[in-house]
Amino acid sequence: MKGYATGRPTPGDRPGRWGRWVGVFLLGWIGVLSLETRVAYGQARTGSIYGTVTDSEGRPLVGVTVTLTSATTGQWTLRTDAYGQFRFPSLPPAEDYTLQFDLPGFRPVVRTDVEVQVGMNVRVDVQMAPGGEAAIVVRGQVPMVDVKKAEVATHFPDEVLQHVPVARDPWFVLSMAPGVLIEVERLDGGSEAARQSEFVARGADWHDNQWYLDGVPITDVAVPGTSPVYFDFDTVEELQVSAGAADVEAFTGGVAVNFVTRRGQNRLSVAGRLLWADDRFQGQNVSEDEERVVPGLQSDRVDAMKDYGFQVGGAPARDRLWVWASYGAWDYDLRVPTVEVEKGEDEVVPGEEPKVRTHQEDGTAWPTAQFQDDRRRLDYLTVKVNARLGSHMVEGLGWGTRGRRQGLEAEFERTPETTYDQNEQMPLWKLQDEWTWKDRLLLSGKLGLFTSQDRRIPQGGTDRPAVWDAGTGVWHDSFAWSDVRSRVWNVGLLGMLYGFRGLHADHEVKFGVELRHAQVLRKEGFANGVVYGYEDLSEPAEGGEVWLVREGNVRISQRRWSVFGQDTLSWKRLSVTLGLRWDAQTIGLLAASTPAHPLRSDWLPGGSTPARTLFTWSTLSPRLSLSYDLKGDHTTFLKASWAMYPSALGIQEALSLAPTGRRELRFEWLGDANGNGVPDPDEVDWEEPVFWDHRPGNPNRTVHAVASDYRSPKTWEFTVGLEGSLGSNWTVGVTAFYRQAWDYVWAFPYDPEGHITADQIYDCWVEAGRIPADWGSWPYYYCTLDKPDGVLWSNRPGFHTRYRGMELRMTRRMARRWMAFGSLTLQDTTQFMEDRRAYVDPTNVDQLNRGPYFVTGWELDDLRYVRWLLKVGGIAQLPWEVTLAGTLLAREGDPYLSVYRADRISNGWGRHVDVITDPVDQRRMPVFWIVNLRLEKRFRLGALGRLDVIAEVFNLANRAIATNIFGLANVPELYGKYTEIISPRIFRFGLRYTL
């Protein structure tokens, strides 16, 4: 643990000569593009069609006129090159592309029904024969195997999004993607729609997930891995999901979620929708077995839900200008079970009258469940304009959402007054220009800007203390509050060079540069600055703790430079892609100030933060992939890849290094001596805090630091698999994955004075005792040294994780009136603590080392690790224009954390320690499986369009599956009981009009 950085900029923290050259390069490129375009760039929001035209002898035909037509793009004409090759780059997703091939002396060839998906290179090879004028028409879609890519991605086209029963929530759609493990699999009927959930795939941490909207990176800066916005489902034309990709444009190894919105076409289009559900259409699935559920437990229930909106699109100038606009809204009222603590005559809770307590037979009281409301209103507005100006395709996008919510984060452990009133909004603008030069060079420039605001205030208000019951882990009266605002600029430049040869191979070169600059303002606090921590809320005489919390006010600057280059070399059967990517992520603080604690300004005075750069992560990421045509007929491919990825930089380091961050002191409450049920000043030991997160007496001193060699976590990935087409409709693939990740970030205890060294911290731990034999007799430890004031942000030594997985995928596109898709994933993720440096407190190491690596989300006891996942879906078009669709999702049940809470000497490390009672993956929730169905009948209205009548059922079997289990062994009344179960069967009905 040598070499500390205190947060002041050092020469190694600055971009240096590389950064200056990249800046000059970017400015120069913008200048060049400004002569031909008005703005800049494009991420994967389009696909391409390419191929070779030959004569009957297999010789390439030069100068063939290739004409592409579609209602989306109009008409586009080019000619084959000296090798008989052609390419139409940057095509929006559609299923109606038609190609016509003309050459004097040869019979024309027409290829219809060519489908393009986001990020896909669709190969169409044509053979022309000498002859007359009659055209040869080839109908039917081409195989959907991308010859040149080893990337494993899942495409959800409009056909699936609009007809498969989903909760009209992208997080629910993600649950159908192969290998993706997501909390929202319990969402059904929209009962938890408009709520973010973490999701992971292939061992990656959830904060490495990346979000894109029409090519604009929109990943939340304040909470990396999440989306800053919710989505109007009907604006989405296609959703692409990938997890790891050897392609050089992939930033991290997390899940990349790519939304492509609709656009205007040559014909006028009008659409509208109305979907609704309420408690009348909902079943009852709560178990009657009182031994398995907490008393009075109910599942989440939809009280009322409405989803409505309309769209209009068309071409004011056919083949040259297209416009599309939409408005959508979502109203719902969800009822969520939460704990209800009954109070006795001898107990007084601030602001409430005494109530009679209900006791069990043994004289104790336990929490029971009640309902609380979670109400939300979301409004969406989207406008999109596309124009063809000569060799330029220009796109402008305006997107805005606004949300208002009462009861955010409602759950069993949070009483209604601790849930949030939330207000959030996010406007986004994008301008993009794509310029094609001589069918050989595509230059794409993009400029994007979005701002976001998320304000959360507990319903109990911020004028009273919050109350925490350590015995049950339940909060009361009030809670934390926050106001987070972000502004993010994205500038990107991408070049694609085609059609040149070298080393006896065809080359396709990709190169680009991207700049993302963000500013985050985060204000946060806790109730009115005071928390009453009861050892047992029902027994105030036992005392507890009093927390004093000063609000934080931090302004953060984050910047990422990315430069990448890639060459795809294609021989007859073999394609090899070589790429290299450089990312420099820099974070700093902007000037800010915060007020003193309102009650104890002497202990927690106000302060200010000067502007300064903190550190830079700089990473080179090599990428390599190959694709080999095993039969030579473009139907079966062996694919392999090797890649390295950095992690995305968050803001947690900046929050801890800011003098104006949130500060906290905790003092021991000796007990309720006067019997009024609340801690009074003379009942608290103010001499020395039992916990602090700063230097006591000087909260504005920065006691945290960053290691001088602090660097980005890294993941390397190896994949190998087979992918092929069975006929023209089926695509099947099997892929093996191996990943290893290291350089994980952790906050190691740190003494800014240097009196306590890392070696002393490692050596200070002695056994404090063992938990009861009934719970495994595991040892727990305490440190003989006082906990240092600060933390050192560094890379965790002697620790790495390993992921191994096998994935089988199949897709049948719509043909002969039916389609299907499915996947089976087998996997395991293991963590390795190689030596003593890999952990601080030895407690629980024996239970965790060489066991499963759990990717946790916002709640630390929410463990994400399963060894198998099965996902199946399909659509069938029945007679009389009736459509039947369904999905089956199944997986091993998540583990739940079983712990015994032990007391120990604190020394600032905490008076309680949770000791895991078993090797972690031995206690699991029941196997999860759920079936959803949708029935749709279409009525044609002649020239007035068509009307679809929709009926959907979610959780068809009305299963009551546990999604959370109480795991604190010290509370036997609740231990092992279900605190949350999946929502019951619910019907949703809808109408959809389309012109």
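Analyst: Two strands are said to pair if DSSP finds at least two bridges between them. Strands themselves are DSSP runs of E covering at least two residues, whereas helices are runs of H or I with at least four residues, and both are numbered from the N terminus. The model discussed here is predicted, so local features require pLDDT of at least 70 and side-chain atom pairs count only at pLDDT 80 or more, while totals for chains, interfaces and linings use all residues. Residues are numbered from 1 along each chain as its sequence is written, and side-chain values use heavy atoms, without hydrogens and water.

User: What makes β47 and β48 a pair of strands?

Analyst: DSSP has to find at least two bridges, and 15 bridges join β47 to β48, so the criterion is met. The two run antiparallel. A815 has W818 in β48 as its bridge partner. Their hairpin has 2 residues between the strands, and R816 takes a positive phi near 55° there.

User: Which strands flank β42, and how do you know that they pair with it?

Analyst: β41 (residues 714–726) runs antiparallel to β42 and is joined to it by 13 bridges. K714 stands opposite W742 in β42. β47 (residues 799–815) also pairs with β42 in the antiparallel sense, over 13 bridges, and V732 stands opposite M810 in β47. Both counts satisfy the bridge criterion, so both neighbours qualify as partners. In the hairpin of β41 and β42, with 3 residues between the strands, G727 takes a positive phi near 70°.

User: What makes one face of β42 buried?

Analyst: Buried means under 20% relative accessible area, exposed means over 50%, and partly exposed lies in between, with a 1.4 Å probe and protein chains only. Side chains alternate along β42 (residues 730–742): T731, G733, T735, F737, R739 and A741 point to one face and are buried. Those pointing to the other face, among them W730, Y738 and W742, are not buried.

User: Why is β48 called largely enclosed?

Analyst: Of its 16 residues (818–833), 13 are buried, so the rest of the structure largely encloses this strand. β48 is also joined to β51 (residues 868–878) by 9 antiparallel bridges, with V872 in β51 as the bridge partner of G822.

User: Why are β11 and β15 called edge strands?

Analyst: An open sheet of 5 strands has the order β11-β16-β17-β14-β15, with mixed pairing. β11 (153–157) and β15 (216–217) each have a single partner strand, so one side of each has no neighbour in the sheet. Within this sheet, β14 (residues 210–213) and β17 (residues 255–261) pair in the parallel sense over 4 bridges, and W211 has V257 in β17 as its bridge partner.

User: How do you know that Y628 is partly exposed, and where does this residue lie?

Analyst: Y628 has a relative accessible area of 30%, so it counts as partly exposed, being neither under 20% nor over 50%. This residue lies in strand β35.

User: How many helices and strands does the protein have, and what share of its residues is buried?

Analyst: The secondary structure comes to 6 helices and 59 strands. Buried residues make up 61% of the 995 residues.
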